[in-house]
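Take a look at the protein shown here. The paragraphs after it walk from the whole chain down to single residues.

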Amino acid sequence: MCYNVLCDKYATRQMYGYCPSWALDWEYRKKGILDEIRHYAADIISLQEVETDQFYNFFLPELKHDGYDGIFSPKSRAKTMAENDRKYVDGCAIFYRTAKFALIREHLVEFNQLAMANAEGSDNMLNRVMPKDNIGLAALLRTKEAAWDNGLPSDPAQVQQPILVCTAHIHWDPEFCDVKLIQTMMLSNELRSILDQAGQSFRPGHKPDSSNVQLLLCGDFNSLPDSGVIEFLTSGRVAADHRDFKELAYKSCLQKISGCDKPNEFTHSFKLASAYSEDIMPYTNYTFEFKGIIDYIFYSKQSMVPLGLLGPLSADWFKEHKVVGCPHPHVPSDHFPLLVELEMTPTVGTSNGLISRR
């Protein structure tokens, strides 16, 4: 499950004047959000816009009752704040069902730090990319015996299948499409190094082989399906002169980030597919002013197959109830949760048997 829950700080009357104030109130909305999460009972849940205080005092204790554990990080600005202010900073969370998964390690990806480290003297990198404090959060998990719905594999080495789950919340402003694309490229590069390290630790003494680690990437990318961000993730490449770079001078720092020696494009080696297509889900974010697809779940298409998806709310329901935007008394966030059931071929050792994620 991937779900931007709309944190309390952003749920203002100025932004969502069409929603009754009692239905915007966090005490009301949080019950609806938790009901939604519990109803679908996914094995892995990634959330965006979770306030620090709400993670520790609401989401984590509530979901622990249901057999989950979780990790969290606020946006980078939290580091510079007094403790009392820090608790209202939002960030990303990943929950996993402890009966089926164990956490090996977690990784925080801070885009402002990466922008500074890779600036190569670029004013645009320092003035446009670095000030944005968005983050990505990754959990390296391994499967336990209970994850194997179709019976345990004959090779015991396959029982503990490593899977890297990453969630991200990319910068929102449409004027900064260059920043969105660069943040996504930095994320991809960080995931590559995390996978390479993981590949080495799962096969000590062998050449690093990240192909034995599965990858799930999801989040609020604040980017439409025809954007450079989604083109890069799904096709594995983006042209160096893509319109989303706005003809700004980024080339030398982007070549450093992508580690790509091709002069005209930047690439990544993940073979990713989006679980949802536009004909299934016409929008994932539904407000009065904007309706579109900006949330995604990507999976490794070589080793995972989607078995089922959660579809959209009925268009007739919106018409019948004159819903001009969300949140709404019956819809607790301005984003809809995405949910996919995936069947996963194990990659540790020889490939036989399947894991089904419920």
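What follows starts with the overall fold and ends with a few unusual spots in the backbone.

Keep one thing in mind from the start: this is a predicted model. The protein chain contains ten helices and 17 strands. How compact is the chain? Its radius of gyration is 20 Å, and the globule rule gives 21 Å for 358 residues. The two values are close, so the chain is as compact as a globular protein of that length. Along its principal axes, the C-alpha trace spans about 60 × 55 × 45 Å.

Contacts tell us about the folding of the chain. Take the contacts in the protein chain with a separation of 6 or more. Of these, 75% link residues 24 or more positions apart. One pair can be checked by eye. H65 and Y96 are 31 residues apart along the chain, and their C-alpha atoms are separated by 13 Å. H65 itself is found in helix α3, which covers residues 52-65. Is H65 buried or exposed? It counts as exposed, because its relative accessibility is 66% and the cut-off for exposed is over 50%.

Now turn to the inside and the surface. Buried residues make up 54% of the 358 residues. The protein chain exposes about 15500 Å², and carbon and sulfur atoms supply 51% of that area. Charges come next. There are 36 positive and 46 negative side chains in the protein chain. The centres of these two sets lie 2 Å apart.

Which residues have the most contacts inside the largest nonpolar core? They are I37, L47, F59, F95 and L216, in a core of 55 residues. Look at I37 more closely. Leaving out residues up to four places away in sequence, I37 touches M1, Y3, I45, L47, F59 and L63. Two of these partners, L47 and F59, also appear in the list of residues with the most contacts inside the core. A second, separate core has 44 residues. Among them are M125, C166, L187 and F245.

Polar residues can be buried too. N112 is found in helix α5. With a relative accessible area of 13%, N112 is buried, because buried means under 20%. What does N112 touch, apart from residues up to four places away in sequence? Its partners are S76, M130, K132 and D133.

Finally, inspect the backbone. Most residues other than glycine have a negative phi, and most peptide bonds are trans. Three places in this model go against that pattern. The first is E120, with phi near 50°, a positive value in a residue other than glycine. E120 sits in the loop between α5 (111-117) and α6 (123-129). At 47% relative accessibility, E120 counts as partly exposed. The second is N222, which is not a glycine either and has a positive phi of about 45°. Its loop runs between β8 (214-220) and α8 (228-235). Here the relative accessibility is 14%, so N222 counts as buried.

The third place is a peptide bond. The bond from C326 to P327 is cis, with omega near 5°. Where is P327? It lies in the loop between α10 (315-320) and β16 (340-344). E120, N222 and P327 are each placed in a loop.

Conventions: Residues numbered from 1 in each chain as written. Predicted model: local features only at pLDDT ≥ 70, side-chain atom pairs only at ≥ 80, totals over all residues. Heavy atoms only, no water. Helix = DSSP H or I, 4+ residues; strand = E, 2+ residues; numbered from the N terminus. Rg over C-alpha atoms; globule rule 2.2 N^0.38 Å. Buried < 20%, exposed > 50% of the residue type's maximum accessible area, 1.4 Å probe, protein only. Contact = heavy atoms within 4.5 Å. Areas by Shrake-Rupley, 256 points an atom, 1.4 Å probe, with all protein chains shown as cover. Lys, Arg positive; Asp, Glu negative; His and termini not counted. Charge placed at Lys NZ, Arg CZ, Asp CG, Glu CD. Core = buried A, V, L, I, M, F, W, Y, C linked by side-chain atoms within 4.5 Å.
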